[in-house]
Amino acid sequence: RKHLGIDIMDVKNQRDRIPIVSITDGIVKEIGWNERGGWRVGIKAPKGGYFYYAHLNRFTPSLYKGMEIKAGQLIGFMGDSGYSKEPGTMGNFPVHLHFGLCIDTALVKEEVWVNPYELLRYLENKKIQWKEEAAG
C-alpha cells in the first residue's frame with residue numbers, strides 16, 4: 001500500500017513530548033480512532049486542502065468534530081497510537097507524527113495526496129509557535 005504522507009520522528013521516542021499544531025485555518029472533519037492512523041485529526045482548509053495528523057498520543061480536550069480551528073492552534077501531542085482495531089493501542093512503532101496533505105482539483109474526481117515535505121520545511125523555517133495556554 002502507498003504511504004500517503006510523511007513521518008516526523010521524535011528523536012527521544014517519548015509520547016506527549018511534542019505538541020502538534022494545525023498548519024491551517026479550517027474545520028475539524030475527523031477526530032478519533034483510525035485502525036492504521038491511531039488517534040488522528042483531519043482538518044479541511046477553507047480552499048479545500050485536507051490536512052491529516054495521525055498517531056497522536058492524545059487530543060486537546062476541547063477539540064471536537066465540526067469545530068472551527070485556526071493555524072497555530074494546538075490539536076494534540078505526538079504519540080505512537082495505531083495499527084490495531086482496538087482503540088488506544090500504543091507501542092507498535094516509534095513515536096512520530098504521520099502528516100498527510102490531500103488537495104482538491106477540478107481536473108480529477110479523486111483524492112490527490114501530495115508530498116508535504118516542502119510545506120513542512122517552509123513552516124519549520126517560520127517557526128510557528130503554539131500558545132502554552134491552549135495546552136489545557
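Start by selecting Leu-56 and Met-78: Met-78, in strand β7, is the bridge partner of Leu-56. Keep in mind as you click around that this is a predicted model.

**Stop 1: the neighbours of β5**

Now show β5 and β7 together. They run antiparallel, and 3 bridges join them. Stay on Leu-56 for a moment, since this residue of β5 is also the bridge partner of Trp-39. That takes you to β4, which is joined to β5 by 5 bridges, again with the strands antiparallel. Follow the chain from β4 into β5 and you pass through a hairpin with 5 residues between the strands. Pick out Gly-48 there: its phi is positive, near 110°.

Next, add β8 to the view. It pairs with β5 in the antiparallel sense, over 5 bridges. To see one of the partnerships, select Tyr-52 and look across to Gly-100 in β8.

So how many of the 10 residues of β5 are buried? The count is 9, so this strand is largely enclosed by the rest of the structure.

**Stop 2: the nonpolar core**

Show side chains now. The largest nonpolar core has 20 residues, and the ones touching the most other members are Val-41, Tyr-53 and Ile-75. The elements giving two or more residues to this core are β4 (38-44), β5 (50-59), β7 (74-78) and β8 (96-103). Which of them gives the largest share? That is β5, with 4 residues.

Centre the view on Ile-75 and look at what surrounds it. Leaving aside residues up to four places away in sequence, Ile-75 touches a list of residues that includes Ile-20, Val-21, Val-41, Ile-43, Tyr-53, Phe-59, Leu-63 and Ile-69. Ser-22, Arg-58 and Thr-60 are among its contacts too.

**Stop 3: two histidines**

Go back to β5 and select His-55, which is found in that strand. Is it buried or exposed? With a relative accessible area of 5%, His-55 is buried. Check its backbone as well: phi is near 70°, a positive value in a residue other than glycine. For background, most residues other than glycine have a negative phi.

Now move to His-96, in strand β8. This histidine is buried, with a relative accessible area of 6%. Draw a distance from a polar atom of the His-96 side chain to the backbone oxygen of Pro-94, and you should get 2.9 Å. Among the residues His-96 touches, not counting those up to four places away in sequence, are His-55, Ala-54, Met-78 and Gly-79, along with Asp-7, Ile-8, Met-9 and Asp-10.

**Stop 4: a loop with a positive phi**

Select Asp-16, in the loop between β1 (6-9) and β2 (19-21). Here is another positive phi in a residue other than glycine, near 75°. Asp-16 counts as partly exposed, at 27% relative accessibility.

**Stop 5: aromatic rings**

Finish with the rings. There are 7 aromatic pairs by the count used here. Take Trp-39 and Phe-59: their ring centres are 5.9 Å apart and their planes sit at 80°, so the pair is edge-to-face. The two come from distant parts of the chain, 20 residues apart, with Trp-39 in strand β4 and Phe-59 in strand β5. Trp-39 counts as partly exposed, at 22% relative accessibility. Add Trp-33 to the selection and you have one aromatic cluster, made up of Trp-33, Trp-39 and Phe-59.

How values were computed:
Residues numbered from 1 in each chain as written. Heavy atoms only, no water. Core = buried A, V, L, I, M, F, W, Y, C linked by side-chain atoms within 4.5 Å. Buried < 20%, exposed > 50% of the residue type's maximum accessible area, 1.4 Å probe, protein only. Contact = heavy atoms within 4.5 Å. Pairing = 2+ DSSP bridges. Polar contact = N/O pair within 3.5 Å; in protein donor to acceptor, adjacent residues only side chain to side chain. Phe/Tyr/Trp six-rings, centres within 6.5 Å; stacked < 30°, edge-to-face > 60°.
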